[in-house]
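Welcome! Have the sequence and the 3D view open side by side, and let's take a short tour together.

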Amino acid sequence: MTTCASSVDRTSLVKIGLVNPKSPTNVGGVMRAAGCYQANEILYTGKRYALAAKHRGEQYNTDTKRVGQHIPLTAIDDLLSAQTDGVKLICVDLVEGAIPLPEFVHPDKAIYVFGPEDGTIDQALIDEADAVVYVPTIGCMNLASSVNVLLYDRLAKTNMQIADDALIRQSRDNNNRVKVRQK
């Protein structure tokens, strides 16, 4: 089942920053999450993703909603340069001293930075963050899963009204016409 938020909150800004991602599959999953939870932009550093995407088309298998057509995926040299006035830098990683996600209060405007699949966010970036949060799990999730959980948590903690059958009809896949029977 696929669910996506139904209306954009114009007072918020959500950017996702990826530190040197390596997998087109994970970046495609991040793109799909960005579409479902209406992020504004995806930024990434490093060369591994571009190199892998050039040789394999896996991203397009996971971004089945073609989110890349309306949410930018942009390569940048430095994620700190993406932080503008009023936008909080939030690092999301399994880092000692981080805030558990259930306790975190999301800012209206944020760039959420996620570490690479096979590493962590550099200490220098952690030191510049307005907050560092982690998803309390046993073991670590993959990149796309982490982005989905973070964005869902942000949505769940807002006052947006998203729970109705119209949203379900708009969001579900074409081959899903199942309904709950009234008893």
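Two residues are in contact when heavy atoms of theirs lie within 4.5 Å. With that in mind, look at L18: leaving aside residues up to four places away in sequence, L18 touches V27, V30, I42, L43, Y44, T45, L79, F114 and L143. Keep in mind that this is a predicted model.

**The nonpolar cores**

- The largest nonpolar core is made of 31 residues, and I16, L18, Y112 and F114 have the most contacts inside it.
- Which elements each supply at least two residues of this core? They are the strands β1 (13-18), β2 (41-44), β4 (88-92), β6 (109-114) and β7 (131-134), along with the helices α1 (24-36) and α5 (143-156).
- A second core, separate from that one, has 16 residues, among them A82, L89, A98 and V132.

**Helix α1**

- Most of α1 is covered, with eleven of its 13 residues buried.
- Those buried residues are P24, N26, V27, G28, G29, V30, M31, A33, A34, G35 and C36.
- From its first C-alpha to its last, α1 reaches 18 Å, close to the 18 Å expected at 1.5 Å a residue.
- At the start of α1, S23 brings a side-chain oxygen to within 3.2 Å of the backbone nitrogen of T25.
- After α1 comes Q38, which has a positive phi, near 55 degrees.

**Helix α5**

- The 14 residues of α5 should span 20 Å at 1.5 Å a residue, and the end C-alpha atoms are indeed 20 Å apart, so the two values agree.
- Find N142 in your view: this residue caps the N-terminal end of α5, with a side-chain oxygen 3.3 Å from the backbone nitrogen of A144.
- Buried residues in α5 are L143, A144, S146, V147, L150, L151, D153, R154 and L155.
- What covers these buried residues? The cover includes β1, α1, β4, β6 and β7.

**An aromatic pair**

- The structure holds one aromatic pair.
- Its partners are Y37 and Y152, whose ring centres are 6.4 Å apart. Planes over 60 degrees apart count as edge-to-face, and the planes here stand at 70 degrees, so this pair is edge-to-face.
- The pair links distant parts of the chain, since Y37 sits in the loop between α1 and β2 while Y152 belongs to helix α5, 115 residues apart.
- Is Y152 buried, exposed or partly exposed? Its relative accessibility is 48%, so Y152 counts as partly exposed; the partly exposed range lies between the 20% and 50% limits.

Methods. Residues numbered from 1 in each chain as written. Predicted model: local features only at pLDDT ≥ 70, side-chain atom pairs only at ≥ 80, totals over all residues. Heavy atoms only, no water. Core = buried A, V, L, I, M, F, W, Y, C linked by side-chain atoms within 4.5 Å. Buried < 20%, exposed > 50% of the residue type's maximum accessible area, 1.4 Å probe, protein only. Helix = DSSP H or I, 4+ residues; strand = E, 2+ residues; numbered from the N terminus. Phe/Tyr/Trp six-rings, centres within 6.5 Å; stacked < 30°, edge-to-face > 60°. Expected span 1.5 Å × (residues − 1). Polar contact = N/O pair within 3.5 Å; in protein donor to acceptor, adjacent residues only side chain to side chain.
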